[in-house]
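I open this notebook to record, entry by entry, what I looked up in the structure. The model is shown first, and my notes follow.

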Amino acid sequence: MGNDGGSIPTRRELVKSASRSKTHSELRDSQTQSSQYYWTYCALSKRPLASPIVSDHLGRLYNKDAIIEWLLKRLEAFGDGEEVLKGRGVNGLKDVVEVHFHQLESTPEKEHNGNGAVEQTEGSERKERWVCPITCKELGGGVRAVYLVPCGCAFTEGAIKETAAAQGKEGETTECLQCGKPYNPRDVININPTAEADITRLQTRLKDLSTLGLTHSLKKAAGEKSKKRKLKEKENGTTNGDSSKNTDNVSSNIKNSATASITSKVLADEREKTKIRKLEMSDSVKSLFSAPEANGSKDRSKRRGGDFMTRGYTLPNR
């Protein structure tokens with residue numbers, strides 16, 4: 001063999017070796033990378049996290065406008081939304097809690113020029129830096145952080161445990177260290193948890209709340225009567241042709257001003273996209289979907305029988 005331009009495969013290329021399990025350091029690196037990603041980007045929209053930020057019952061962080069856009073438009077907004085939110089029970093704003101991070105003063109990114117001087121880059125984005133208001137430790141990947149329900153204030157896990165132990169109120173209802181609102185130790189939610197024990201605890205908590213008729217945000221869950229009423233309103237809106245009027249009144253029915261402003265912004269963007277889509281359609285494309293009588297053709301009988309590929313075609317006279 002040889003001298004023919006071919007190659008001689010070795011045993012390593014032909015025989016498949018047994019799969020090797022990852023080492024502890026490799027697993028730790030992969031978990032750190034995934035944790036850093038979820039602390040930086042919204043899991044739904046894949047855009048950088050920016051206030052206002054919400055979290056589901058498993059501690060995953062999202063941009064609030066992305067959640068509202070998903071609830072309004074579903075797959076039209078995010079194609080992988082069902083896969084991302086699978087098993088997380090996000091069916092409304094009651095199923096998420098707005099997380100309030102204590103922010104440091106954000107500074108624009110800087111870079112050094114050739115002379116060693118520091119210059120501010122044009123168009124550089126400002127990044128939010130979150131810290132624990134008690135320990136002043138920066139919150140992010142590799143830090144065990146929690147937030148409280150229903151207030152949503154974020155701390156390091158150690159700060160909550162140590163203050164509860166110092167007050168002698170472990171396992172009892174205590175007050176938030178930042179806003180003073182009472183909370184139950186059961187409602188301490190880990191942010192972007194990786195340990196199976198933390199995930200199991202959060203899943204058990206939601207099951208206990210559902211038996212009490214409560215959602216993740218401790219608000220009353222929608223009952224069967226309200227579901228039937230919403231279905232009836234939806235049917236009436238579609239049959240009466242008032243769907244556009246109903247979407248205009250969505251933001252006016254929301255009590256929270258911040259949520260109402262975000263919802264109105266999303267709806268306005270959607271209406272603008274629809275208007276641009278209609279304006280960009282040329283007359284030639286419109287004629288393909290218009291009635292034959294609207295095209296001004298004299299021989300309409302020939303146009304009714306065909307489709308847009310054969311309309312108006314006539315054989316030449318010999």
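**Cysteines**

I began with Cys-153, which counts as buried because its relative accessibility is 5% (buried is under 20% relative accessible area, exposed over 50%, and partly exposed in between, with a 1.4 Å probe and protein chains only). I note here that this is a predicted model, in which local features need pLDDT of at least 70 and side-chain atom pairs count only at pLDDT 80 or more, while totals for chains, interfaces and linings use all residues. Residues are numbered from 1 along each chain as its sequence is written, and side-chain values use heavy atoms, with hydrogens and water left out.

I then searched the whole structure for disulfides, each being a pair of cysteine sulfur atoms within 2.5 Å, and the search gave zero. Cys-153 takes part in none, and the cysteine sulfur nearest to its own, 3.8 Å away, belongs to Cys-176. Why is Cys-176 without a bond to Cys-179? The sulfur of Cys-179 is the closest cysteine sulfur to that of Cys-176, but at 3.6 Å it is too far for a bond. Cys-176 is also buried, as its relative accessibility is 5%.

**The cavity**

Next I looked for enclosed space. I worked with a 1 Å grid over the protein atoms alone, where a cavity is a set of points at which a 1.4 Å probe fits but cannot get out, and lining residues have an atom within 4 Å of a point. Grid points are joined across faces, edges and corners, and a volume is the space filled by probe spheres set on the points.

I found one cavity of 30 Å³ or more, and the largest cavity holds about 50 Å³ of space. Which residues line the largest cavity? I listed Ile-160, Thr-163, Ala-164, Gln-167, Thr-174, Glu-175, Leu-177 and Tyr-183. Helices and strands in these notes are DSSP runs numbered from the N terminus, a helix being H or I with at least four residues and a strand being E with at least two. Helix H5 (157-166) and strand S10 (174-175) each give at least two residues to this lining, and H5 has the largest share, with three residues. Sorted by class, the lining has four nonpolar, three polar and one charged residues; Ala, Val, Leu, Ile, Met, Phe, Trp, Tyr, Cys and Pro count as nonpolar, Asp, Glu, Lys and Arg as charged, and the others, Gly among them, as polar.

**Two open sheets**

For the sheets I took two strands as paired if DSSP finds at least two bridges between them. One open sheet has three strands in the order S2-S1-S3, and the pairing is antiparallel. Strand S2 (61-63) and strand S3 (97-99) are at the edges with a single partner strand each, so one side of each has no neighbour in the sheet. Strand S1 (residues 53-55) is joined to S3 by three bridges in the antiparallel sense, and I saw that Ser-55 stands opposite Val-97 in S3.

Another open sheet of three strands follows the order S9-S8-S12, again with antiparallel pairing. Here strand S9 (154-156) and strand S12 (188-190) are the edge strands, each with a single partner strand, so one side of each is left without a neighbour in the sheet. Strand S8 (residues 145-148) runs antiparallel to S12 and is joined to it by three bridges, with Leu-148 as the bridge partner of Val-188 in S12.

**Helix H3**

Is helix H3 (residues 64-73) enclosed or open? I noted that seven of its 10 residues are buried, so H3 is largely enclosed by the rest of the structure. Among the buried residues are Ile-67, Ile-68 and Trp-70, along with Lys-64 and Glu-69. Just after H3, Arg-74 has a positive phi of about 55°.

**Backbone in the loops**

I finished with the loops. In the one between helix H2 (24-40) and S1 I placed Pro-52, whose peptide bond from Ser-51 is cis, with omega near 0°. Lys-46 lies in the loop between H2 and S1 as well; this residue, not a glycine, has a positive phi of about 65° and is partly exposed at 37% relative accessible area.

Pro-150 belongs to the loop between S8 and S9, and a cis peptide bond with omega of about 15° joins Val-149 to Pro-150. Cys-136, in the loop between strand S7 (130-131) and S8, has a positive phi near 60° and counts as exposed at 61% relative accessibility.

Key:
On a 1 Å grid over the protein atoms alone, a cavity is a set of points where a 1.4 Å probe fits but cannot get out, and a pocket is an open set with protein on both sides within 12 Å along at least five of seven lines; lining residues have an atom within 4 Å of a point.
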